Amino acid sequence: MPHLSPTCRWSLVAVSSISRRTCEAARNPLLDIQDVAGIHILASDDSSDAFLKACQMFDEVSDLDVVSATSVIGSFSKQHHHKEAICLFSRMLFNNIRPTEYTFGTVIHSSTLLKDLIIGKQLHGCAIKTGLNSNVFVGSAILDFYSKLSKIEEARMVFEDTHDPNVVSYTTLISGYLKKEMFEDALGLFEVMPERNVVSWNAMICGFSQTGLNEESVNLLIQMLREGVMPSESTFPCAIIAAANIAAHGMGKSFHACVFKCLGSHLNVFIGNALISFYAKCGSMEDSLLVFDKLHERNIVSWNALICGYAQNGRGKEAIEFYERMLVSGFRPNHVTLLGLLWACNHAGLVSEGYSYFNMARHKEPNLLKPEHYACIVDLLSRSGHFKEAEGFIRDLPFEPGIGFWKALLGGCQIHSNMELGEYAARKIMALDPEDVSSYIMLSNAHCAAGRWEIASKMRREIKEKQMKRIPGCSWVEIRSKIHVFLNKDSKHCQMDDICRVLRSHFPFFCDAGLKKISNIISRSKEPEKTAFTLVLTKVDSSDVLTNGDPTLFKDALLHLGYLLSNVTDLAKRKEVNQVLDGTILVTCGMWVPY
């Protein structure tokens, strides 16, 4: 039985007459219709008056049946008066009216929306006493309750108690597993489902995408299409965002084509927003803008996706231009818009513009400002070498600066080799989080840049002595719609022998040929293995080389390489190039290099 407040108990005791008249009206058409319409006007009455009338109905109608009682309870639930619905259910039990599976489905859903674990468990116990807990309709409702309240063990037991669980039961438990990041359990249950529908596939695809398992999410959509299941409008946004997060340009374009094939040319705003973000994250702002222009309906997320895309790609002036266009269009910026604008100014080095927009927001709409906006200004000032202003800004913060502020300052110190301030920022970081290895690495790199090798080496030794674990750097390259992932100091790639051969062969050739620029670019690359691997492949162009880091250095390398090789007239030297590259054909920025 639910625990009822004194007010609720008093209300339940104040019993009345409306439903009795309703039941009598069903048998006697001579009764006044206005007197018996109470059950239908509950939803439009004031909630407190309607509740008192319902209580009267439950107490005065001696032959009130379960169908009428469930209908009244359902009307309160539909109007989001969930506490009242549960109180009426309690009164229903008091009047010895046996609930059906539909009654339980209604009140359990109300307890789920109330997020009240105690009431939900009491309703579960009541279902067990009435023998309805094994009913698939009741079981799925209880399963949904426990899953949404993250009680996964209880949800698993309910699933096991449910007789002949259906696709809803399976999908609900899968969603619960994904919410708790129990990916293997979710996938195992998904694979043994007797039947799957588009909702089941969407639960898996979106669950994996939202928890960072982007490759798995993309692969699931491919598997879904191969099994002939038609995706819905809810399928594509998560899958496209997953493709964006791993910069799978070719795969994302295939998904875009699939949208047209499955849903037609009219993009809804959710798929459109996902595509805008996808193309922006892959560095193709022209395609991102094309999708934006074709959207028939736009919301603030559409504008934010475009502004943040320009920011991410270092095109600050275009980001500011679209921000101004957004204001003219009548949209009011939110905190994401402001963050994207500051981010754009940061990436483009527009210090005065960024500071101006921040001050404008601080005076006109201070509610938009969150700690990340302040941190962005610290990063903007420190990256541009305005350390006095950055220190003063941190000192005047209206709250205590967190670790992100000091990391932003330390990053600027690393760029400009400001050792004194950098060590101060590092001490602040270590005081807030002694186990944060990134601050040691950043400070060590700053010492290396300043030529203080002994101090840098000492810091590296300290990292090893304290057994701090550094998350290895990871990036990827997409070639012919296949993603190749590279980890720092990883030697497990299936083509590692070819990679090493190319690395050994490139440097002496380029140096001998006087091509020092490309040699220097590759030697300065943080990921020479990936660079070499890309050169081993059959076709390489600048649009294929998409990484989660800064791809500019590598794209410049390929562009310069293509230009130089296209001007190599010595046939013997050209043959040597093709021996080095294993007879491959390089395409750089649309320029063929014949062999």
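This passage looks at two helices, one buried serine and a few loop residues with positive phi, all in a predicted model.

Helix H17 is a good place to start. Spanning residues 269-281, H17 has 13 residues, and the distance from its first C-alpha to its last is 18 Å, close to the 18 Å expected at 1.5 Å a residue. This helix is mostly covered, with 11 of its 13 residues buried. The buried set holds Val269, Ile271, Gly272, Asn273, Ala274, Leu275, Ile276, Ser277, Phe278, Tyr279 and Ala280. These residues pack against four helices: H15 (235-245), H16 (249-263), H18 (285-294) and H19 (300-312). Both ends of H17 have something to show. At the N-terminal end, Asn268 acts as a cap, placing a side-chain oxygen 3.0 Å from the backbone nitrogen of Phe270. After the helix comes Gly283, with a positive phi near 85 degrees.

Helix H22 gets the same kind of check. It runs over residues 351-364, so its 14 residues should span 20 Å at 1.5 Å a residue, and the end C-alpha atoms are indeed 20 Å apart. Buried positions in H22 are Val351, Gly354, Tyr357, Phe358, Asn359 and Ala361. Their cover includes helix H20 (316-328) and helix H21 (335-348), along with helix H23 (371-383) and helix H24 (387-395).

Further back in the sequence, Ser217 sits in helix H14, which covers residues 214-226. Ser217 has 0% relative accessibility, so this serine counts as buried, the cut-off being under 20%. Leaving out residues up to four places away in sequence, Ser217 touches Ile205, Phe208, Ser209, Cys238, Ala239 and Ala242.

Then there are the loops. Most residues other than glycine have a negative phi. Against that background, His80 stands out: its phi is positive, near 65 degrees, and the residue is not a glycine. His80 belongs to the loop between helix H5 (66-78) and helix H6 (82-94). With a relative accessible area of 62%, His80 is exposed, because the threshold for that label is over 50%. Ser150 is another non-glycine residue with a positive phi, in this case about 60 degrees. The loop that holds Ser150 joins helix H9 (136-148) and helix H10 (152-161). Ser150 has a relative accessibility of 29%, and therefore counts as partly exposed.

Conventions: Residues are numbered from 1 along each chain as its sequence is written. This is a predicted model: local features need pLDDT of at least 70, side-chain atom pairs count only at pLDDT 80 or more; totals for chains, interfaces and linings use all residues. Side-chain values use heavy atoms; hydrogens and water are left out. Helices (H or I, at least four residues) and strands (E, at least two) are DSSP runs, numbered from the N terminus. The expected span of a helix is 1.5 Å times one less than its number of residues. Buried means under 20% relative accessible area, exposed over 50%, partly exposed in between (1.4 Å probe, protein chains only). Contact means heavy atoms within 4.5 Å. A polar contact is a pair of N or O atoms within 3.5 Å; within protein, one must be able to donate a hydrogen and the other to accept it, and residues adjacent in sequence count only if both atoms are side-chain atoms.
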